[in-house]
Amino acid sequence: MVANNTKELSAARAPGVSWDELAEADSRPVPEYLKQGSCPDLGSEPLSTERYTSPEFFQRENDRMWPRVWQFAAREEELRNPGDVVVYENAGRSYALTRQQDGSVRAFFNVCLHRGRKLRTADGKVGEFRCPYHGWTWNIDGSLKTIPSRWDFKHLDDEPLNLPEAEVASWGGFIFVREEQGGPSLKEFLGELPLHFERWLPERRYTTAWVAKVVPANWKATAEAFMEAYHVIATHPQIMPFTGDANSKYSLHGDNVNLAITPFGTTSPHLHGAGLDEQAIMDAFLRYNGRVVPKDSTIEVPAGVTARRAMGDFNRRRFSEMAGMDLDHASDAEVQDAFTYNVFPNFSPWGGFSPAVVYRWRPWQDQDHTLMEVRILGLVPEGEPLPDVVRMQMLEPHQNWAEALGVLGSIIDQDMGNLPHVQAGMKLSKTKKLQLANSQEVRIRHFHQTLDKYLADPGHGEVE
Ligand code: FES
Ligand SMILES: [Fe+2]
């Protein structure tokens with residue numbers, strides 16, 4: 001566990017109001033477990049660029065890490081009825097997640113047992129799995145149904161011809177798969193995460209937008225562009241008037257989960273002395289934060305009230321209407337701050353009561369490319385029918401994220417502006433080293449330390 005080094009980094013922090021102090025001053029109680037999270041000192045060693053650029057390192061991840069972790073593969077709403085199938089592919093594997101008659105979900109290895117054709121190439125609804133090549137057919141529970149000219153396969157028994165399966169488990173509307181049997185249960189793997197999300201109703205959410213694009217950078221480099229607020233000063237300077245970037249709180253929760261809380265409605269410590277009044281903070285917030293405020297809205301900040309409090313009041317009302325429930329208990333923090341969780345290795349669900357962002361990063365064929373996906377999960381009012389299923393919109397290389405996601409997309413476009421140059425630069429680096437900030441980039445170090453635990457273990461039957 002990461003907690004064996006208990007030295008804390010809390011003394012090292014930027015000037016200004018910390019997130020914990022903002023939480024203390026909140027108009028509503030902020031959950032204790034959010035205030036208690038801590039940031040241990042994980043050391044200061046540089047990372048090697050080779051971790052992002054080497055085909056051999058990439059292959060070791062594929063062999064040793066990916067088969068052993070729980071991967072977010074689908075949302076429950078994508079598989080509403082028996083026979084609904086989602087094809088989830090990653091790191092050289094393809095799974096056909098299939099809703100069963102009894103409501104459970106099974107994940108079959110998506111390959112025909114005859115001569116290896118992929119069974120499904122797209123999501124859809126099936127009554128059976130019939131291979132388009134020679135017609136071998138399986139029931140939706142993976143049991144063998146028919147083999148044309150069965151008499152010619154006398155050498156094969158039916159039973160071993162059932163489709164092999166990966167493990168499946170779910171939490172909060174997210175369905176996970178794991179290739180290798182054994183190891184921690186999903187519950188053990190997620191640790192405290194479900195407790196943190198309990199208030200935010202992840203199981204009552206549904207996908208309202210889902211956009212993806214291939215990024216010319218390593219999957220870890222891409223994920224790490226979303227693990228710290230340190231880059232705001234140079235990459236997103238327009239949000240500094242209302243973003244406490246350097247006051248973000250970073251905390252680690254076991255090997256697989258970590259959290260960054262970035263406060264909004266407060267000015268960046270980098271701008272201290274700029275003398276922004278509360279209305280100016282609010283105006284910048286409304287202009288450049290497309291996640292928690294509606295486009296083109298105006299909010300007047302009453303005299304003696306902070307922008308943060310005014311935004312809290314506004315969003316509590318608004319999110320209550322959207323969710324069809326009273327959210328008066330929601331703190332100012334939970335209706336505006338960025339609660340960015342990362343679950344090892346490639347899943348990042350945002351917390352809070354706001355429409356939730358979910359990131360997923362998949363290596364896309366090699367160490368130099370990533371499929372980055374952004375979903376927005378909205379709350380469905382109790383008793384209302386679920387809206388139609390939203391499918392992934394794949395952006396072409398020339399399309400930018402703003403076309404699909406508005407102001408939020410334009411922030412992502414700024415992040416994307418760095419990534420091709422990060423991948424190219426790491427290959428060109430003279431030192432071959434990356435240096436990390438001790439606290440603001442602790443989540444990146446945490447991520448690599450967990451990865452190293454998988455890579456160090458050759459696993460069962462693997463020859464060193
Ligand atoms: S490869 Fe599937 S039936 Fe022949
Ligand atoms: Fe960013």
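Start with the whole chain and colour by burial: of its 464 residues, 41% come out as buried. Keep in mind that this is a predicted model. Switch to cartoon and you have 12 helices and 20 strands to look at. Turn the C-alpha trace along its principal axes and it spans about 85 × 55 × 45 Å. The radius of gyration is 23 Å, which agrees with the value near 23 Å that a compact globule of 464 residues would have. If you draw the contacts with a separation of 6 or more, 65% of them link residues 24 or more positions apart.

Next, split the view by domain. Select 2-41 + 202-456 for domain 1, then 68-178 for domain 2. Their centres, taken over C-alpha atoms, sit 35 Å apart. Where they meet, 14 residues of domain 1 are in contact with 10 residues of domain 2. To find that side of domain 1, pick β12 (205-215) and β17 (356-363), since each supplies at least two of the residues there. Colour the same side by class and you get 9 nonpolar, 1 polar and 4 charged residues.

Now for a sheet. Show the 7 strands in the order β2-β11-β10-β5-β4-β3-β6: this is an open sheet with antiparallel pairing. Go to its edges, β2 (71-75) and β6 (124-125); each has a single partner strand, so one side of each is left without a neighbour in the sheet.

Last stop: zoom in on β4 (residues 93-99) and β5 (residues 105-109), an antiparallel pair joined by 5 bridges. Which residue in β5 is the bridge partner of Y95? Click on F109 and you have found that partner.

Note on methods
Residues are numbered from 1 along each chain as its sequence is written. Chains are lettered from A and ligands numbered from 1 in the order in which they are written. This is a predicted model: local features need pLDDT of at least 70, side-chain atom pairs count only at pLDDT 80 or more; totals for chains, interfaces and linings use all residues. Helices (H or I, at least four residues) and strands (E, at least two) are DSSP runs, numbered from the N terminus. The radius of gyration is taken over C-alpha atoms; the globule rule is 2.2 Å times the number of residues to the power 0.38. A residue is buried if 20 or more other C-beta atoms lie within 10 Å of its own, exposed if 12 or fewer, and partly exposed in between; C-beta atoms are placed from the backbone. Two residues are in contact if their C-beta atoms, placed from the backbone, lie within 7 Å. Two strands pair if DSSP finds at least two bridges between them. Domain bounds come from an automatic or database domain assignment. Ala, Val, Leu, Ile, Met, Phe, Trp, Tyr, Cys and Pro count as nonpolar, Asp, Glu, Lys and Arg as charged, and the others, Gly among them, as polar.
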